[in-house]
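User: I'm new to reading protein structures and would love a close look at one part. Could you walk me through it step by step?
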Amino acid sequence: MRYYADLHVHSKYSRACSRDCDLVHLAWWARRKGITVLGTGDVTHPAWAEELRTSLVPAENGLYRLRDDLDREVLRTLPSSCHGPVRFQLEVEISTIYKRGDRTRKVHHLCHLPDFDAMAAFTAKLAKIGNLGSDGRPILGLDSRDLLEITLESGDGAYLVPAHAWTPWFAVLGSKSGFDAVEDCYVDLADHVFALETGLSSDPGMNWQVSRLDRFHLVSNSDAHSPPMLGRNATVFDTELGFTELRTALATGAGYVGTVDMFPAEGKYHLDGHRKCGVRMEPAETKAHQGLCPECGKPLTVGVQHRVAELADRPVGRRPDTAGEFFSVVALPEIMGEILGVGPKSKAVVAAVDDLVRTLGPELAILMELPIDEIRRAKSPLLVEAITRLRAGRVFADAGYDGEYGTISLFEPGELNASVAGLFDVEPVAKPVPAVRTPFAVPVAVEPVPVPAVVVDGLDPDQRAAAELVSGPLLIVAGPGTGKTRTLTHRLARIVTTEGIPAHQCLAITFTRRACDELRERLDALLGAQAADLTVATFHRLGLDVLREWAADAGLPADFAVADEARRTAVLRELLPDATATELRRAMTEVSMAKRSAGEVADLAERYDKALHGAGFVDFDDLLVLPVRLLTDRPDVAAHYRNRFRWVCVDEYQDVDELQYRLLRLLCPPSGPDGGNLCAIGDPDQAIYAFRGAD
C-alpha cells in the first residue's frame, strides 16, 4: 500500500513544543493530514515513555496504534473521509555535542527503534551519559559515531538517520559545526547509515548536486513542534505496514517512493544572512562580502543553499539512480490564508480548511492526489487555481535566512484583489463620481509620419515574419523569453508606419495595468507622437469606457461608479443579514461565477445586481458582462466599435476567459468588411488566470 510517513515528531515534553503534543492530538492531526505512520518522538523521556507504554498497543510488525478507547475518541470528531489507519513508530531526536579534532561538533540524529524492549535498552545506555528527564530532545556529550553504535546495539533493526542534514548549527553537513561528508561523522560505522533527512531548507534536487550522497535514500519529515504542523514534510512509501518493511525500503529502495517537501526557500536557513541586521544574501553576495555582515561586520550565518554549493560536484538537474520522486507543497492552511487575506491560524482559515476536509478528504490528498475536477466540488475557483499552480511548481518565494522562515505565495501581490488594487487599470470608488469623457473620441486624422524600417530591424526571423503579417487573423504561440510583447508592438508600429493605417484604428488589449504601461512605453519609443492615438487598454478598462460612452443604453446612470469591496460586501450583507464573513466571501464568489457564466443568472446574483445598479454602482464583473450584453443586443453599437477599431491585438491571449472571448468576437467578427484583423499572442503553458475562468 502507498502511504505517507512523518518520522520526526516531538512530544509535549520537548522544549518549545505545544502542550497538545500528546498521542490523541497527534493521531487526530495525522488522520486529518493523511499520514499513516507517525514517529512518536522523545522515547527517552521517562514520562513520555510511560505514556507510550500505557496508551499504545502493538499493531503490525514493530508498529503501534492507539488503545481502542483513545482511538474512538479521535475518530468521534473526524469526518469519515479521515478515518484511515494511524500507526506509531518509536523514535527520538538526540542532540550530540562533542569535540572532534580541533572543532566542536553539534549534530542532531533521529534514532528509530523496533519495539519497547529496544527502547528500554537504548534509554538505559543513554541515561548513564546525560539527563534524559530535562528535555524530550536530550543533549548529550557523546560522539555521533558512539550514538550510532548504541542505536545499532539496542535492538534488531534499530537504525539512525542524520536529522535535517544541512541546518547550519546542528547537522551532520551544517556549515557551523558539521562535517564535509557523512562518512567523516560516523567513521567506521558509516555504512550502517542508509538514509538522510533533507530538512526544511533543502529538497532532494539540492541534495542531488552532491554525488557522495547518492547512496542515501532521502527522507523528509515535519519536525513538528505542534500537531497542526504535521505533514508539512513527509516520506512516501509503497510497502505493507511494518517497522521492518519501512526500514527495508529505506535501506534497499524497494518500496521507497520519495518525499513531500516544503519549498526549501520557506525554510528558515535557506539563504545566508544576519537576522539582527535584516541582511539576507545569495551565496555570491556573501562571498563578495567575505562572509561578513555589511551592517555590523560579524560573520553571516551561511545557509543551506550556500553550503550545498560548497560541497556540490555536479550541476543542478542531475538525478541519481537512487533518487525517488519528490513533491513540493504549500500547507493547505497557508494556501487558504493567502486566498482569504488572513493568517493561516485565523478562525476564518480554520473554518475554511475544516469545510474542505469534510468535503474532499485529508489535506495531503487535496494538495497532491485529488483530481482537479474533484477539487471543484469545494466551489472555490481560487483554490482550484492555487492547487493547479502548486502542482505545476509556479510559486513566488521570499526566502528564509538565519532562523527567519521564508514565505511561499501562489498569487502575485495584488492579484487576488485586482479590482481593488487597480491592477486592471480600473479604480473602484466608494461613492459615485461624475462621468468622465470617453477616451475613444476619434482624433483628427493626421498624415502618417514615415518611420524607418527599424520597426522590424533587430527582430529574429520568426518575430519578423509575424510582425510583417498585417491583414487577417493571426495567432502567435511562443514560450517565455521569446519576445512576444516585442513582436506585438513592432507589428503595430509597422501597421501604422508602413501600411498607413491610422493609429486610432488600432486597439491593443492586455490584462494588467503594468502590462499596459509596458506596451505604451514601447509604442511611444517606436511611434513617437502617433502612439497617443493608439488605444492601449485592459479588457476591464475597455469595458468601463464602453459603459461610460453608452451608460443610458446599458441601463446605468451617467454618473455610475465602480464599487469597491466594502460597497459590494454591504450590498450582500443586506441580502444575507445572517451570513458570517466566510459565508459572505463564498457568496461573493458564487455571484461572480453566476454573472460570468453563459447560462441563467442565479437568484442571488440577480438580486445583488438590482441592488448594486440601483445605487448607481457596477462591480468588476459588470465591466465585461454589461458591454458584452450591450454589443450583443445592439448591433449598431457593435458596428460602431468595429468601425473604430479595425486592427485589434491581444497580448497574453492564454488568459482570455469566455466573456473576454465573446467581447473579442463582437469586436472582430470572423468575416466581413469590419472583421478579421485580430492578432492574438500568448503561450498556453503560462496561463495564470484559470481561477477566473481563463481557458
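In which handedness of crossing, left-handed or right-handed, does α11 pass α12?

Analyst: Happy to help! Please keep in mind that this is a predicted model. The crossing in which α11 passes α12 is right-handed.

Let's look at this pair of helices. Two packed helices are described by the angle between their axes and the distance between the axes. Here, helix α11 covers residues 332-340 and helix α12 covers residues 347-360. Their axes come within 9 Å and cross at roughly 120°. An angle of 65 to 115 degrees would count as roughly perpendicular, and one over 145 as roughly antiparallel; α11 and α12 are therefore oblique to each other.

Now for the residues that meet. From α11 come Leu332, Pro333, Met336, Gly337 and Leu340, and on the α12 side they meet Ala348, Val349, Ala352, Val353 and Leu356. Sorted by character, the residues of this contact between α11 and α12 are nine nonpolar, one polar and no charged. The polar one is Gly337, because Gly is counted among the polar residues.

For context, you can also find an open sheet of five strands elsewhere in the model, with parallel pairing and the order β18-β24-β23-β19-β20. Strands β18 (474-477) and β20 (535-538) stand at its edges with a single partner strand each, so one side of each has no neighbour in the sheet. From one strand to the next, the twist averages 15°. Helix α20 (residues 539-549) packs on this sheet, where it touches β19, β20 and β23. The direction of α20 makes about 105° with that of β20.

Technical notes:
Residues are numbered from 1 along each chain as its sequence is written. This is a predicted model: local features need pLDDT of at least 70, side-chain atom pairs count only at pLDDT 80 or more; totals for chains, interfaces and linings use all residues. Side-chain values use heavy atoms; hydrogens and water are left out. Two strands pair if DSSP finds at least two bridges between them. Helices (H or I, at least four residues) and strands (E, at least two) are DSSP runs, numbered from the N terminus. Axes are lines fitted to C-alpha atoms, for helices over the stretch in contact, and angles run from 0 to 180 degrees between N-to-C directions. Contact means heavy atoms within 4.5 Å. Angles under 35 degrees count as roughly parallel, over 145 as roughly antiparallel, 65 to 115 as roughly perpendicular and the rest as oblique. A crossing is left-handed if the near helix is turned anticlockwise from the far one by less than a right angle, and right-handed if clockwise.
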